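Here is a friendly walk through one protein model. Take a look at the structure below, and then we will go through it step by step.

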Amino acid sequence: MLTVKQVAAQLNIAPQSVYQLIQTGKIPVHRFGNGRGTIRISQGDLDQYIESCRQVASAQDVPKVTRTTRQPPLKHIRL
């Protein structure tokens with residue numbers, strides 16, 4: 001079981017961002033103790049969240065770089 005700080009370190013984000021992910025239900029948590037309790041996140045739940053964020057770029061998503069026009073020469077530089 002991981003703490004919020006450990007999850008933030010693994011994701012390279014601020015702990016406040018982890019709390020927001022928890023609040024929106026994107027990362028399930030376990031609470032231990034009385035009242036609000038201590039928050040713990042299982043490694044399996046974190047792995048599932050990471051996998052759900054994965055995006056694969058397709059050929060349509062990647063812009064094609066083409067240069068059809070030639071840039072004019074620089075007039076202020078003399079060789």
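The largest nonpolar core of this predicted model has 12 residues in all: Leu2, Val4, Val7, Ala8, Val18, Leu21, Ile22, Ile27, Ile39, Ile41, Leu46 and Tyr49. Two or more of these residues come from each of the helices α1 (4-11), α2 (15-23) and α3 (43-52). As a general background, nonpolar side chains in soluble globular proteins tend to be buried together.

One member of this core, Val18, is a good place to start exploring. Apart from neighbours within four places in sequence, Val18 is in contact with Val4, Val7, Ala8, Ile13 and Ile41.

Now turn to α3, where Asp45, Leu46 and Tyr49 are buried. Why do the buried residues of α3 line one face of the helix? Seen down the axis of α3, they fall within an arc of 100°, so they share one face. A general rule helps here: an α-helix has 3.6 residues a turn, so residues three or four places apart point the same way. The cover over the buried residues of α3 includes α1, α2 and the strand β1 (30-32).

That strand brings us to Arg31, which is placed in β1. Is Arg31 buried or partly exposed? With a relative accessible area of 47%, Arg31 is partly exposed, because that value lies between the limits of 20% for buried and 50% for exposed. Leaving out neighbours within four places in sequence, the residues in contact with Arg31 are Arg36, Gly37, Thr38 and Ile39. A polar atom of the Arg31 side chain lies 2.9 Å from the backbone oxygen of Arg36. Arg31 can also be related to a core residue, Ile41: the two are 10 residues apart along the chain, and their C-alpha atoms are separated by 8.9 Å.

The two distances from Arg31 are set out here.

| Atom of Arg31 | Partner | Distance |
|---|---|---|
| Polar side-chain atom | Backbone oxygen of Arg36 | 2.9 Å |
| C-alpha atom | C-alpha atom of Ile41 | 8.9 Å |

Finally, step back to the whole chain. The protein chain holds 3 helices and 2 strands, and from the N terminus on they run α-α-β-β-α. Of its 79 residues, 18% count as buried. The chain exposes about 7200 Å², and carbon and sulfur atoms supply 50% of that area. Among contacts between residues at least 6 apart in sequence, 38% join residues at least 24 apart.

Key. Residues are numbered from 1 along each chain as its sequence is written. This is a predicted model: local features need pLDDT of at least 70, side-chain atom pairs count only at pLDDT 80 or more; totals for chains, interfaces and linings use all residues. Side-chain values use heavy atoms; hydrogens and water are left out. A nonpolar core is a set of buried Ala, Val, Leu, Ile, Met, Phe, Trp, Tyr and Cys residues joined through side-chain atoms within 4.5 Å. Buried means under 20% relative accessible area, exposed over 50%, partly exposed in between (1.4 Å probe, protein chains only). Helices (H or I, at least four residues) and strands (E, at least two) are DSSP runs, numbered from the N terminus. Contact means heavy atoms within 4.5 Å. The arc is that of the directions from the helix axis to the C-beta atoms. Accessible areas come from the Shrake-Rupley method with a 1.4 Å probe; for residues, only the protein chains shown count as cover. A polar contact is a pair of N or O atoms within 3.5 Å; within protein, one must be able to donate a hydrogen and the other to accept it, and residues adjacent in sequence count only if both atoms are side-chain atoms.
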